[in-house]
Amino acid sequence: MINLLTLFVSLDSNKNTFYVKCLFVMLILFVTAQLHIQAQNRFELDDFDKLVSLTDPQISPDGKFIVLVKSRPDLEENKNKTELQLIDVATGTTRTLTYDRPSVGHPRWSPSGDRIAFVAKHGLGKDSHNQIFILSMIGGDAMKVTNSTTGIQQFSWKPDGTVIAYVQE
């Protein structure tokens, strides 16, 4: 860059004008090319279904796994579809833990790491409320452990893993 400046200073004014014009033309060509590239890569409405959001990562007590909430838009139903994903830290492999369960969120490991508690909608229509479910890491279906008529807002495991305290909406 210094050599280029030295070159500009050492040349007479006619040559400087020529170089400035050349640089200006190159700048215009560069900006035009960038605008063309951006026009080809515009974000379109059809791209919404490709968006994926990963939130609320929770590391297992032994540090070998991470559970998180994966969310992607469902344009037909006009809402986000959520599921819990389990990631093996050593290999990076993922496994879906919940299927077709509306509004899954707030996963929390039990203190021993053998279970995951989470909140999900349960019921239909006006009777649909957030409830706490517990999923065994050995396998099987998640078991609903609350029957709140107003819904669960948040919860926490007791340090020994025998009880869950929760706040209703």
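Strands β1 (53-59) and β2 (residues 65-74) run antiparallel and are joined by five bridges; strands here are DSSP runs of E of at least two residues, helices are runs of H or I of at least four, and both are numbered from the N terminus. Two strands are taken to pair if DSSP finds at least two bridges between them. The model is a predicted one, in which local features need pLDDT of at least 70 and side-chain atom pairs count only at pLDDT 80 or more, whereas totals for chains, interfaces and linings use all residues. Residues are numbered from 1 along each chain as its sequence is written, and side-chain values use heavy atoms, with hydrogens and water left out.

Within the pairing of β1 and β2, S53 has S71 of β2 as its bridge partner. The hairpin of these strands has five residues between them, and G63 adopts a positive phi near 80 degrees. On the other side of the pairing scheme, β2 is connected to β3 (residues 79-88) by ten bridges, again in an antiparallel arrangement. F65 is bridged to D88 in β3, and V67 stands opposite L86 of that strand. Four residues separate β2 from β3 in their hairpin, where the turn residue N78 has a positive phi of about 60 degrees.

These pairings belong to an open, antiparallel sheet of four strands in the order β1-β2-β3-β4. Because β1 and β4 (94-96) each have a single partner strand, they stand at the edges, and one side of each is left without a neighbour in the sheet. From one strand to the next the twist averages 30 degrees, with axes fitted as lines to C-alpha atoms and angles running from 0 to 180 degrees between N-to-C directions.

The loop between α2 (13-40) and β1 contains L51. L51 counts as partly exposed because its relative accessibility is 39%, the class lying between buried (under 20% relative accessible area) and exposed (over 50%), with a 1.4 Å probe and protein chains only. Together with F43, L45, F48 and L75, L51 makes a nonpolar surface patch of about 490 Å².

Over the whole chain there are two helices and ten strands, and the helices precede the strands in the order α-α-β-β-β-β-β-β-β-β-β-β from the N terminus. Of the 169 residues, 26% count as buried. Among contacts (heavy atoms within 4.5 Å) between residues at least 6 apart in sequence, 24% join residues at least 24 apart.

Notes
Patch = residues over 30% accessible without salt bridge, like charges linked within 9 Å, V, L, I, M, F, W, Y side chains within 5 Å. Areas by Shrake-Rupley, 256 points an atom, 1.4 Å probe, with all protein chains shown as cover. Salt bridge = Lys/Arg side-chain N within 4 Å of Asp/Glu carboxyl O.
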